[in-house]
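Me: I should like to go through the strands and cysteines of this protein step by step. Please look at the structure first.

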Amino acid sequence: MIKVAKFSEIPEGGSKVVMVNDIPIALFNIKGIVFAWDNRCPHRGASLADGNISEKIIQCKFHLWDFNVETACAAANPNIKIKSFPVEIQDGSIFIVD
């Protein structure tokens with residue numbers, strides 16, 4: 001496991017980008033659950049952490065592609081999937097499980 005952030009650093013409905021092995025990973029706090037995704041939109045590589053975040057959708061701010069929070073798949077085409085990473089929270093710290 002790799003410690004990447006403190007839970008308190010990500011407000012509910014917010015995001016934080018961390019680097020793990022040269023991969024930008026977006027951490028999203030959705031209703032107290034942390035999701036970790038590759039931060040690069042598969043369309044043009046834009047930062048997903050800078051996008052519009054709701055309880056069900058992360059929307060890329062550049063071309064408005066929508067991704068389902070729970071599946072990390074594009075809403076319009078579930079065959080387009082963002083790489084996601086397993087997360088554990090221990091003692092207020094967020095870990096990426098490798």
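Reply: This is a predicted model. The bridge partners of strand β10 are a suitable place to begin, and Ile 2 is paired with Ile 96 in that strand.

Me: How many bridges join strand β1 to β10?

Reply: Strand β1 covers residues 2-6 and runs antiparallel to β10. One of the paired positions is Ile 2 with Ile 96. The number of bridges joining β1 to β10 is four.

Me: Which residue in β10 stands opposite Ile 89?

Reply: Strand β9 (residues 87-90) pairs with β10 in the antiparallel sense, over four bridges. The two strands form a hairpin with two residues between them, and Asp 91 in the turn has a positive phi of about 50 degrees. The residue in β10 opposite Ile 89 is Ile 94.

Me: What is the order of the open sheet that contains β10?

Reply: The sheet has three strands with antiparallel pairing, in the order β1-β10-β9. Its edge strands, β1 and β9, each pair on one side only. Neighbouring strands are turned by 30 degrees against each other on average, direction ignored. The order is thus β1-β10-β9.

Me: Are the side chains on the two faces of β10 buried or exposed?

Reply: In a regular strand the side chains alternate between the two faces of the sheet. In β10 (residues 93-96), Ser 93 and Phe 95 lie on one side, with Ile 94 and Ile 96 on the other. Both faces are covered, and these four residues are all buried.

Me: Which strands stand at the edges of the sheet β5-β6-β7?

Reply: This open sheet has three strands in the order β5-β6-β7, with antiparallel pairing. Strands β5 (52-53) and β7 (66-68) each have a single partner strand, so one side of each is left without a neighbour in the sheet. Between β5 and β6 (residues 57-59) there are two bridges, and Asn 52 has Gln 59 as its bridge partner in β6. The edge strands are β5 and β7.

Me: How many disulfides does the count come to?

Reply: A disulfide requires a pair of cysteine sulfur atoms within 2.5 Å. For Cys 41 the nearest cysteine sulfur, that of Cys 60, is 3.9 Å away. For Cys 73 the nearest, that of Cys 41, is 13 Å away. The count of disulfides comes to zero.

Me: Why does Cys 41 count as buried?

Reply: Buried means under 20% relative accessible area. Cys 73 is buried at 13%. Cys 41 counts as buried because its relative accessibility is 4%.

Methods:
Residues are numbered from 1 along each chain as its sequence is written. This is a predicted model: local features need pLDDT of at least 70, side-chain atom pairs count only at pLDDT 80 or more; totals for chains, interfaces and linings use all residues. Side-chain values use heavy atoms; hydrogens and water are left out. Buried means under 20% relative accessible area, exposed over 50%, partly exposed in between (1.4 Å probe, protein chains only). Two strands pair if DSSP finds at least two bridges between them. Axes are lines fitted to C-alpha atoms, for helices over the stretch in contact, and angles run from 0 to 180 degrees between N-to-C directions.
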